[in-house]
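This briefing covers the fold of one protein chain. The sequence and structure come next, followed by notes grouped by topic.

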Amino acid sequence: MPGSAEDAISAPADADARRRARPTVAYPVENLPPYDAAFYARARAGMTRVSELVVPPRDARAFVVPTGHIFRIVCVEGPQVGDLNLWNRYDLSERFFSGKTRALHATHVSTGDRLWSTLPYLRPMATITHDTLAWYGFDEDGAGVHDVIGTRCDPYTNLLLGGGIYHHCCHSNLSRALADRRGIAPRQAEPHIHDVLNVFMCTGFTRDRHRYFMKASPARPGDFIEFFAEMELLGALSACPGGDCSATHSSDAAACHPLHVEIYRPADDALAGWQPSAASAYPRTHADGQEQATGPD
Ligand SMILES: [Zn+2]
């Protein structure tokens, strides 16, 4: 019976020694190609804005970013969280891989980090080239900005937790935006919606039980995060019904603001010698049949 005396777990005699095992960063990220700051600075210098999109509060919009272009998500009227999805424009099965991006970089991302795509591709979809909130770092609560922890607010979890039926969660907004873009029904678009980059959201884990928490976004009008498109992208951005996500989401209770998406074309010669990212070279055989295991020699 749960919680009965027989179930009480006592620590083994060597518990302290076991806890003292040294943490090891899980992936040797020093083996990633280094962030080429000079290249991205060249790409940004002399870039021209070619389009701008307004994402209305509690709604989402989809947009295309050509390969080698730069896009910004801009806070325009007040603190507002944006939930970002990214796909390969020509193959929706290749999409942003929030979990691996977290494992390779950190719980929160900023300038120099990349947004990686799902297996079997596992390539940079976009590189963060500027972040006006980079100063925030991690605060005394352990919170940071732009997380790849949260999943997106959705109507199923809202209903599960007693919030009733609500149609403007980020999951639904993103489904409608992709559906509009592709000329399909939201129900058909829904399976393509995936875990997001939580733009401008300020989140962390509580010290005591490591529970996911949010606090008021520090973003102010004029703040932006900027990305270089390493491949041809289809994006969708939802202006979360939680607004600054200081208190609630999944309802019309919070003050909400629009977000802008700005797309820039780099100067003509800025990309000389540059190539779009290539998909992983792993042969996808998974030791199937007689295939010999191969590895680096
Ligand atoms: Zn949301």
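In this predicted model, helix α2 (residues 37-44) lies across three strands: β3 (70-75), β7 and β11 (224-229). The direction of α2 is at about 75° to that of β7. The three strands crossed by the helix belong to an open sheet of six strands.

**The sheet**
- The strand order in the open sheet is β1-β13-β3-β11-β7-β6.
- Pairing in this sheet is antiparallel.
- In general, the strands of a sheet pair through backbone hydrogen bonds, and the pairing can be parallel or antiparallel.
- The edges are formed by β1 (48-55) and β6 (114-116), and each of these strands pairs on one side only.
- From one strand to the next, the twist averages 25°.

**The β6 edge**
- Strand β6 is joined to β7 (residues 124-131) by three bridges, and the two strands run antiparallel.
- One bridge partner pair is R114 with T127, the latter in β7.

**The whole chain**
- Six helices and 13 strands are found in the chain.
- The radius of gyration is 21 Å, close to the 19 Å given by the globule rule for 297 residues, so the chain is as compact as a globular protein of that length.
- The C-alpha trace spans about 70 × 60 × 40 Å along its principal axes.
- Of the 297 residues, 39% are buried.
- Of the contacts between residues at least 6 apart in sequence, 73% join residues at least 24 apart.

How values were computed:
Residues are numbered from 1 along each chain as its sequence is written. This is a predicted model: local features need pLDDT of at least 70, side-chain atom pairs count only at pLDDT 80 or more; totals for chains, interfaces and linings use all residues. Helices (H or I, at least four residues) and strands (E, at least two) are DSSP runs, numbered from the N terminus. The radius of gyration is taken over C-alpha atoms; the globule rule is 2.2 Å times the number of residues to the power 0.38. A residue is buried if 20 or more other C-beta atoms lie within 10 Å of its own, exposed if 12 or fewer, and partly exposed in between; C-beta atoms are placed from the backbone. Two residues are in contact if their C-beta atoms, placed from the backbone, lie within 7 Å. Two strands pair if DSSP finds at least two bridges between them. Axes are lines fitted to C-alpha atoms, for helices over the stretch in contact, and angles run from 0 to 180 degrees between N-to-C directions.
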